[in-house]
Amino acid sequence: MLETILAQLAPTHTKLIAVSKTHPAERVMELYDRGQRIFGENRVQELTAKYEALPKDIEWHLIGHLQTNKVKYIAPFVACIQSVDSWKLLEEIDKQATKHSRVIDCLLQFHVAEEETKFGLDMAEAEELLQNPDFPSLKNVRITGVMGMATFTDDQTQVRREFQHLRSIFKELKARFFAEQASFKEISMGMSGDYLLAIAEGSTMVRVGTLLFGAR
Ligand SMILES: *Cc1c(COP(=O)(O)O)cnc(C)c1O
């Protein structure tokens, strides 16, 4: 499956985040041995345990909701935090990254699904965050794009609409806040059930778990 997905992503240069949550380190190692280097986890404790057990050239992405009091555990090594949904969290990531003399890439997570349960910002909240007078002083976080999850539904039209919405948010933020920043370029959208649709709608990063590792 890995090779099939990589071939589907290649024409658009879309990156694959292999979502290994709930699966043991040995399963991660199998994909690592086949060349995969970017992995995603949604829980801090599991992420930290896998980081310690596995090769250090793995690029770890945190894709799940993050509490501010847990940032310190992942700040020494995490490559990208995809789930930034508040100013408080961004400030804490900056503080912990500074302690380790690192710059941590962050994606702003947006709520684009109709479902109530999903975390994420709306446009007004993102504007407020980016216009915070202290934002320019955060030197150890780098916002490289946006992340979102579509509604879990068979309705392709709805999923497509939600992906298009996320892409329009990306474009607006790019124009208004990041026009000069080439590294603001990521749209993280698409999972096992909808990644082909996501690629078609401009995803630069898909987060695929079940298709690679089996059901959780
Ligand atoms: C679990 C998870 C995924 C992967 O989901 P699959 O359907 O197993 O591919 C992607 N993104 C987030 C945020 C997740 O929590």
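Let me begin with one pair of residues, His-61 and its bridge partner in β4, Cys-80, and work outwards from there through what is, please keep in mind, a predicted model. The strands that carry this pair, β3 and β4, run parallel to one another and are joined over two bridges. On the subject of confidence, the protein has an average pLDDT of 97, and 99% of the residues score at least 70. Confidence is lowest in helix α1, residues 2-9, with a mean of 97, while strand β7, residues 186-188, has the highest, at 99.

Let us stay with β3 for a moment and look at its pairing with β2. Strand β2, residues 38-41, pairs with strand β3, residues 59-62, again in the parallel sense, and here there are four bridges; within this pairing, Phe-39 stands opposite Trp-60 of β3. What lies between these two strands along the chain is helix α3, residues 44-53, and together β2, α3 and β3 form a β-α-β unit that is right-handed. The helix has five residues that I would like you to find on the screen, namely Val-44, Glu-46, Leu-47, Thr-48 and Lys-50, which are its buried ones, and the elements that cover them include α2, β2, β3 and α4.

Now to another helix, α5, where we can check the length. Which span should we expect for the 13 residues of α5, residues 87-99? At 1.5 Å a residue the helix should span 18 Å, and because its end C-alpha atoms are 19 Å apart, the model agrees with that expectation. The buried residues of α5 are Trp-87, Leu-89, Leu-90, Glu-92, Ile-93, Asp-94, Gln-96 and Ala-97, and they pack against α4, β4, β5, α6 and β6. After the helix comes Ser-101, which has a positive phi, near 50 degrees.

One of those α5 residues, Leu-90, leads us to the interior, where the largest nonpolar core has 63 residues, and where Leu-90, Phe-110 and Leu-173 touch the most other members. Helix α7, residues 156-177, gives the most to this core, contributing six residues. Apart from this core there is another, of six residues, including Ile-17, Ile-38, Leu-107 and Met-147.

Finally, let me return to Phe-110, whose contacts, leaving aside residues up to four places away in sequence, include Phe-119, Leu-121, Met-123, Ala-126, Val-146, Leu-166, Ile-169 and Leu-173. That last name, Leu-173, we have already met among the residues that touch the most other members of the largest core.

Technical notes
Residues numbered from 1 in each chain as written. Predicted model: local features only at pLDDT ≥ 70, side-chain atom pairs only at ≥ 80, totals over all residues. Heavy atoms only, no water. pLDDT = per-residue confidence, 0-100. Expected span 1.5 Å × (residues − 1). Buried < 20%, exposed > 50% of the residue type's maximum accessible area, 1.4 Å probe, protein only. Contact = heavy atoms within 4.5 Å. Pairing = 2+ DSSP bridges. Right-handed = clockwise from strand over helix to strand, strands pointing away. Core = buried A, V, L, I, M, F, W, Y, C linked by side-chain atoms within 4.5 Å.
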